[in-house]
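The following note concerns the enclosed voids of the model under review. The points are numbered for ease of reply.

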Amino acid sequence: MVDVAIVGTGHSKFGNRTDVNLQELAWEAVKQALEESNLDQKDIDMFVVGNAGGWSSEPLSAIVIGEYCNLAPKGTMRVEAACATGSAALRIAYQAIKAGDAKIAMVIGVEQMHQSPNPVAIEMMGRAGNYFWEFENFGLTFPGYYALYATRRMAKFGMKEEDLGQIAIKNHYYGSFNPYAMFQKQIKMDEYMKSRVVAYPLKVYDACPITDGAAAVILASEEVAKKITDSPVWIVSQGFKSGTANLSKRDDFVSIDAARLAAEEAYKKAKIDFENSWKYFDVAEVHDCFTIAEIMAYEDLGFAKRGEGHLLAREGQTYIGGRIPVNVDGGLKAKGHPIGATGVSMAVSITRQLLYRAHKGTQVDVKNGMGIAHNVGGTGHYAYVTIFSTRKPSA
């Protein structure tokens with residue numbers, strides 16, 4: 001099979017981006033990726049657009065973006081997998097190159113959630129659970145969903161509100177150094193504890209914001225990549241799984257089973273020991289739509305034993321210099337969560353980290369040349385785990 005590398009990355013400023021339309025926002029990332037790779041639009045064989053888009057004015061987002069970015073008439077599609085949309089788009093392009101259907105493919109993740117009023121965006125996200133049994137009849141939205149996980153873990157494992165606060169504090173700390181981040185203000189524990197409760201125990205500072213933003217990566221086959229750059233970042237493996245739509249059909253509210261299964265699949269392909277997985281990676285990007293989601297990700301990726309994820313937060317082990325640096329670009333919590341762009345943004349962050357191109361104050365010490373991205377859609381409705389390396393998988 002063909003090895004696939006990332007040869008170009010691009011990233012827009014995340015935030016309330018009503019200063020541009022959807023295609024202009026996408027172009028900010030596309031332009032960077034083309035310039036970084038020294039490629040032109042004519043060199044791209046296909047492009048895939050990750051865009052959830054229920055709140056968007058453009059239902060055919062891939063088409064308007066292709067036209068505006070001068071990528072037409074190359075083949076395209078719009079991909080949707082809830083909050084894991086960006087990673088799903090990455091998979092489509094990755095598989096196309098591995099299959100020999102393309103030699104160079106661009107992945108564009110973009111979302112402009114502020115095109116609709118906040119209540120509309122919140123309703124559209126709430127519908128992403130089980131519509132009839134959970135949203136329509138019981139009013140569950142995503143803070144409520146993740147609050148179920150948080151309260152269960154507090155009762156079963158002794159997790160405290162302050163442990164959740166440590167995640168928020170860390171991610172706001174690193175977000176303060178990231179010029180692309182929506183929130184660039186550091187917070188302290190007293191601010192966190194006094195913040196308004198959204199769904200107990202989750203507070204305003206536990207939740208990611210509604211965000212606009214775009215990210216792009218250019219993938220190439222090994223044959224082409226070595227002609228484009230002397231510093232490719234390879235996609236080693238990717239695992240992806242799904243969960244139930246209805247939460248009542250899940251066994252326990254302490255983990256995201258789909259994420260754990262996706263990690264096991266990715267690790268098996270990469271020959272990584274689940275129990276010691278943190279030893280293989282220099283940096284991780286995990287799906288912290290809420291602080292509790294990051295804590296569960298530590299366990300679902302094997303960075304901590306079941307029930308001990310909050311201890312990594314309590315001990316500061318996911319800062320740079322700790323056991324495994326996590327979300328040192330601010331994560332969804334501070335960088336923002338433009339749904340279609342998030343998974344692609346993770347790939348951009350990992351690539352730049354492994355190449356020592358991260359923003360000052362966020363760069364990790366690269367020893368193993370490996371990073372991992374964990375991207376969850378909904379509450380584990382979709383899960384993608386992607387492993388990146390400076391070394392070729394076939395090597």
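1. In this predicted model, a search of the whole structure returns 3 cavities of 30 Å³ or more. The two points of most use for inspection are the largest cavity, at about 140 Å³, and the second largest, at about 40 Å³.

2. The lining of the largest cavity comprises 13 residues. Those lying nearest its centre are N178, D329, S349, R352 and H359, and a display of the cavity may conveniently begin with these residues.

3. Which element supplies the largest share of the lining of the largest cavity? Helix α14, spanning residues 339-354, does so with 4 residues.

4. Sorted by class, the lining of the largest cavity contains 6 polar and 4 charged residues, together with 3 nonpolar ones.

5. The second largest cavity, with its volume of about 40 Å³, is lined by Y146, I256, H287, A293, M296, A297, D300, H374 and V376. Two elements, α11 (291-300) and β10 (370-377), each give two or more residues to this lining. Of the elements, α11 gives the most, with 4 residues.

6. How do the residues lining the second largest cavity divide by class, and what is the count in each? The lining of the second largest cavity has 6 nonpolar residues, 2 polar residues and 1 charged residue. For the largest cavity, the corresponding counts are 3 nonpolar, 6 polar and 4 charged.

Methods. Residues numbered from 1 in each chain as written. Predicted model: local features only at pLDDT ≥ 70, side-chain atom pairs only at ≥ 80, totals over all residues. Heavy atoms only, no water. 1 Å grid on protein atoms, 1.4 Å probe; cavity = no way out; pocket = protein on both sides within 12 Å on 5 of 7 lines; lining within 4 Å. Points joined across faces, edges and corners; volume = space filled by probe spheres on them. Nonpolar A, V, L, I, M, F, W, Y, C, P; charged D, E, K, R; others polar.
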